[in-house]
Amino acid sequence: MAAMGKKRGGVKQTGDQVVKKAKTENGEDGNSPKVQPTIQRTAVEDKRKKRRNERRKMQKKLKKKMQREGVQQPKPAETVEENPEESEEEDDSETEEQEAPVTREDPPPLHGGKWTNKQRCLVFCSRGVSYRARHLMNDLKTLMPHAKAESKMHKKENIQLINEMCEMKNCNKCVYLEARKKMDLYMWVSNVPHGPSVKFLVENVHTMGELKLTGNCLKGSRPIVTFDKSFDEHPHWSLMKELFTQTFSTPYHHPRSQPFVDHVYTFSVVDDRIWFRNYQIVDEKGSLAEVGPRFVLNPIRVFGGSFGGPTLYQNPHYKSPNEIRRAMRRLKGDKYTNRVLARKALQERKTDETYPVDPTDDVFNTHGDGEESEDEKPPQKNKKKRRKN
């Protein structure tokens, strides 16, 4: 049984055979080459592989770019096979990056389709807003692909907390819709965190779902933002123009945007208010079709900081909605007072004698005032009662 176990275990090697095998594995024997390559050679091969992969990626990008713009593809350059047994000096010279050849037919180099303008806008509202204000907020989110959403903010919280919320959301612009008394809507447009910020009263709101206009534009497409001439006349209007441009314009190459320009935002100043309209560009001739929404912004104040700070401008023509409602109630109350005063004045104007009377007119009046004699009374007819059958 012991002999059988030795057979199954295999044939034992002698000491000379073990030494010879170790020498051949380590390459000490002159006849057999080394099995493992050196560290320097593996590093050079890795560099060559990286260069090949980079060239292939560059060629693929150029082909795709030229196919989009309809440019004829240049003939591929002849590639020379690299000899692995080149000297170290040639290897060092090949480590330099070889750029793809640029021909006249290639388009001018842009910034490589990168997203450089990192504008992000936080759009949200306070608690207690009406359905119309909520629909307006949703319309603004659909029109602005660079907008971010946030849950509703409680009215009793300090408005300065919005700066921290924008910082957590990585936003540098903010549009905040604030509701008061479930009937008044205010809009804050701010540059976070250093300012400036503007507070508006929103009037005459009409949403896209309510208007049902014929215009239509692609979701996520980039708009053309246009302004009235009057925005360049006064400094506070020009400040609002710059703030609206940075807030409502979609950044170029934004991940959620489409590479099309098919609608126009118009901001015009009429009656010391900003009127907003959104139009679709129907054709190249310039015909437009309104998409919506519509709203009017009545500026209240311009602050130096974000949601606060020193007042840079205050609108002298602004009247709060509370004052307008108070004046309307006063007009209704004046109607009743005017009616009471008119009745009182009528009684004062009345006199006992409507016209002058001559006292001799009643000389021949033998009967009493307003009394008739029995003879002059008209005879009464005898009415017969009819029997009911």
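Is D271 buried or exposed? With a relative accessibility of 57%, D271 counts as exposed. Keep in mind that this is a predicted model, so everything below is read from computed coordinates.

**Charged partners**

Let's stay with D271 for a moment. Its side chain meets that of R273 in a salt bridge, at 3.4 Å from N to O. R273 is partly exposed, at 22% relative accessibility. There is a third member here too: salt bridges with shared partners tie E203, D271 and R273 into one network.

The count for the structure comes to nine salt bridges. Here are three of them, with their N to O distances:

| Salt bridge | N to O distance |
|---|---|
| K241 and D232 | 3.3 Å |
| D271 and R273 | 3.4 Å |
| E290 and R277 | 3.9 Å |

How do the partners sit relative to the surface? K241 is partly exposed at 25% relative accessibility, while D232 is exposed at 55%. Turn to E290 and R277, and you find a buried pair: E290 has a relative accessible area of 13%, and R277 comes in at 18%. Both count as buried because the cut-off is under 20%.

The salt bridge between E290 and R277 also links distant parts of the chain, with E290 in strand β9 (residues 288-290) and R277 in strand β8, 13 residues apart.

**Rings**

Now for the aromatics. The structure holds 14 aromatic pairs. Take F248 and F267: their ring centres are 5.7 Å apart and their planes sit at 55°, so this pair is tilted. F248 belongs to helix α8 (residues 235-248) and F267 to strand β7 (residues 258-270), which puts them 19 residues apart in the chain. F248 and F267 are both buried.

F276 and F295 make a stacked pair, with 4.7 Å between centres and 15° between planes. This one joins strand β8 (residues 273-281), home of F276, to strand β10 (residues 294-305), where F295 lies. Again, both residues are buried.

These four residues turn up together in a cluster linked by ring pairs, whose other members include F200, W237 and Y265.

One ring has a charged neighbour: the charged end of K199 sits over the ring of Y186, 4.9 Å from its centre.

**A nonpolar patch outside**

Finally, have a look at the surface. I324, M328 and L331 form a nonpolar patch there, with about 300 Å² of accessible area together. L331 is found in helix α9 (residues 321-349) and is exposed, at 53% relative accessible area.

Methods: Residues are numbered from 1 along each chain as its sequence is written. This is a predicted model: local features need pLDDT of at least 70, side-chain atom pairs count only at pLDDT 80 or more; totals for chains, interfaces and linings use all residues. Side-chain values use heavy atoms; hydrogens and water are left out. Rings of Phe, Tyr and Trp (its six-membered ring) pair if their centres lie within 6.5 Å; planes under 30 degrees apart count as stacked, over 60 as edge-to-face and the rest as tilted. Helices (H or I, at least four residues) and strands (E, at least two) are DSSP runs, numbered from the N terminus. Buried means under 20% relative accessible area, exposed over 50%, partly exposed in between (1.4 Å probe, protein chains only). A charge sits over a ring if NZ of Lys or CZ of Arg is within 6 Å of the ring centre and within 35 degrees of the ring normal. Patches are made of residues with over 30% relative accessible area and no salt bridge: like charges are joined within 9 Å, nonpolar side chains (Val, Leu, Ile, Met, Phe, Trp, Tyr) within 5 Å. Accessible areas come from the Shrake-Rupley method with a 1.4 Å probe; for residues, only the protein chains shown count as cover. A salt bridge is a side-chain nitrogen of Lys or Arg within 4 Å of a carboxyl oxygen of Asp or Glu.
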